[in-house]
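Visitor: I am new to this structure. Please take a close look at its largest nonpolar core, and then at the parts around it.

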Amino acid sequence: MVNNKEVAIIGLGPAGVSASIYLKRYGMEPVCYEKDLVGGKTNYTDKIVNYPGYVKEKGPLLAEDFLKQLESFSIKPIYRAVSSVELTESGTFLLSINQEKREFKYVILAMGLSMKKSSIKNIDKFLGRGVSSCAVCDGNFYKGKNVSVFGNGNAALEETYYLSTLAKKIDLIVPDEKLLGMEMEIERIKKTENINIYYSSFIKEIIGDNKVEKLVLKSRGEEKEIEADGLFIYGNMLPSSSILAFEVKNDNSYILVDEKMETSVKNLYAIGDYRKTYLRQVATAISDGAVASYFIHNSYLADKNNG
C-alpha cells in the first residue's frame, strides 16, 4: 500500500473521480480534495445523452452515482479548497489547505474551469443578481421572463434550449458569424420559436438598478439596447492556475500535457477540462483520469524498485 502522502487529487469532477478510482484499484491511497460537489459540472447539467451506457440522462443523477462509487471504494473526499501548490527543492509538492500544509510526491490537477474576468461593464455588480452561468441552477427564476444568453458551442446551445422551455423569450447573443456545435443542437435552436439569435455580437454593458434590466449590445458594428431580466454567460471560462506558485507550460492558461497527462513539471499531472484539449466531455475526462493514474502507478513502482 502506498503511503497516503504520495498522491493528491485536486478536484473531483469526472476526471478526478476516475483518477481516484483507478489509483485505488492499483492499491494506492489518493488524498482527494473538492471545494464544491463531487461530479463537478455534471451537477449543473440538465441532460447528458452522449455518455455510453448512461441512460438516466439527468446530470445530477450521474454526479450522485460518482459519489456512490467513491464510497464503494472507501474513498472519502475532503471538502476543502486547496489555496496553493508549491514546488519544493526536492521536487515534491506542498499543498496549503486552510492553515494546514501537506506534502505529496504526485499531484493531479483536475479543478476544471472557472469564469474569467469579463470586459462587460457592470458585470461584477450583477453577479448573482441576474447574471449566471448555470441554467439548471437558476433557470426557474426566469419562468415567463425575457432571458439573454451569451456564448456559442454545445454547452451554450444546450443551456439555451433548456432555458427556452422556461422563459418567455430568449435572445441568444453569439460572438461568431454562425452557431458552433453538434448539428442536432444547432437545428434544435434554429427551430425553437422563442429563441432570437444575434450573430457577430457582444455585450458592452449591463443596465439596471438592483437587478438586470437591459443589455447594451454591439451587434455587427452597431450599438443597440435589448430588454433582459437575466443573463447567462457561457464560453467565458478558463482554468484557474492561481493556486500554482510556480510556472507550468500552458496555452492561454490551459495546461499543456504529454501523452501521460504529465505537465512540464515532473510528477504534476493535469486532466479533464483543466488541460489543453480539443474536446471537453465526460467521456474524455474519465479517460484522462485513467491515463494519469496508470502512469503515476508505473512511476511509483519504478522509483520503488530503483530505491
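**The largest nonpolar core**

Guide: The largest nonpolar core has 29 residues, and those with the most contacts inside it are Ile 108, Ile 271 and Ile 296. A nonpolar core here is a set of buried Ala, Val, Leu, Ile, Met, Phe, Trp, Tyr and Cys residues joined through side-chain atoms within 4.5 Å. Buried means under 20% relative accessible area, exposed means over 50%, and partly exposed is in between, with a 1.4 Å probe and protein chains only. At least two residues of this core come from each of β1 (7-10), α1 (14-25), α2 (59-72), β6 (106-109) and α7 (282-306). Helices (H or I, at least four residues) and strands (E, at least two) are DSSP runs, numbered from the N terminus. The most is given by α7, with 6 residues.

The model is predicted: local features need pLDDT of at least 70, side-chain atom pairs count only at pLDDT 80 or more, and totals for chains, interfaces and linings use all residues. Residues are numbered from 1 along each chain as its sequence is written, and side-chain values use heavy atoms, with hydrogens and water left out.

Ile 271 serves as an entry point. Leaving aside neighbours within four places in sequence, Ile 271 is in contact (heavy atoms within 4.5 Å) with Ala 15, Gly 16, Ala 19, Ile 108, Leu 109, Ala 110, Met 261, Asp 288, Gly 289 and Ala 292. Apart from this core lies another, of 21 residues, among them Val 82, Leu 95, Val 107 and Leu 268. In soluble globular proteins, nonpolar side chains tend to be buried together.

Next come two of the helices that supply the largest core, α1 and α7. Their axes come within 7 Å and cross at roughly 35°; axes are lines fitted to C-alpha atoms, for helices over the stretch in contact, and angles run from 0 to 180 degrees between N-to-C directions. The crossing is right-handed, meaning that the near helix is turned clockwise from the far one by less than a right angle, whereas anticlockwise would be left-handed. On the α1 side the contact is made by Pro 14, Ala 15, Ser 18, Ala 19, Tyr 22 and Leu 23, and on the α7 side by Val 282, Ala 285, Ile 286, Gly 289, Ala 290, Ser 293 and Ile 296. By class, this contact has 10 nonpolar, 3 polar and no charged residues. Ala, Val, Leu, Ile, Met, Phe, Trp, Tyr, Cys and Pro count as nonpolar, Asp, Glu, Lys and Arg as charged, and the others, Gly among them, as polar.

Helix α2 holds Ala 63, which is buried with a relative accessible area of 3%. Not counting residues up to four places away in sequence, Ala 63 touches Val 38, Gly 39, Thr 42 and Asn 43. The C-alpha atoms of Ala 63 and Pro 14 are separated by 8.3 Å, although these residues are 49 apart along the chain. In the loop between α2 and β3 (82-87) lies Ser 74. Ser 74 has a positive phi of about 60° although it is not a glycine, and at 52% relative accessibility it counts as exposed.

Thr 263 is found in the loop between β18 (254-255) and β19 (268-270). Thr 263 is buried, with a relative accessible area of 8%. A polar atom of its side chain lies 3.1 Å from the backbone nitrogen of Val 265. Among the residues in contact with Thr 263 is Leu 268, which also belongs to the core of 21 residues.

A further helix pair is α5 (residues 154-164) and α6 (residues 183-191), which pack at an angle of about 40° with their axes 10 Å apart. This crossing is left-handed. Asn 154, Leu 157, Glu 158, Thr 160 and Tyr 161 in α5 meet Glu 185, Ile 186, Arg 188 and Ile 189 in α6. The residues of this contact divide into 4 nonpolar, 2 polar and 3 charged.

Leu 172, in strand β10 (residues 169-173), is buried with a relative accessible area of 0%. Residues touched by Leu 172 include Leu 157, Thr 160 and Ile 189. The C-alpha atoms of Leu 172 and Thr 160, 12 residues apart along the chain, are separated by 7.4 Å.

Definitions and conventions:
A polar contact is a pair of N or O atoms within 3.5 Å; within protein, one must be able to donate a hydrogen and the other to accept it, and residues adjacent in sequence count only if both atoms are side-chain atoms.
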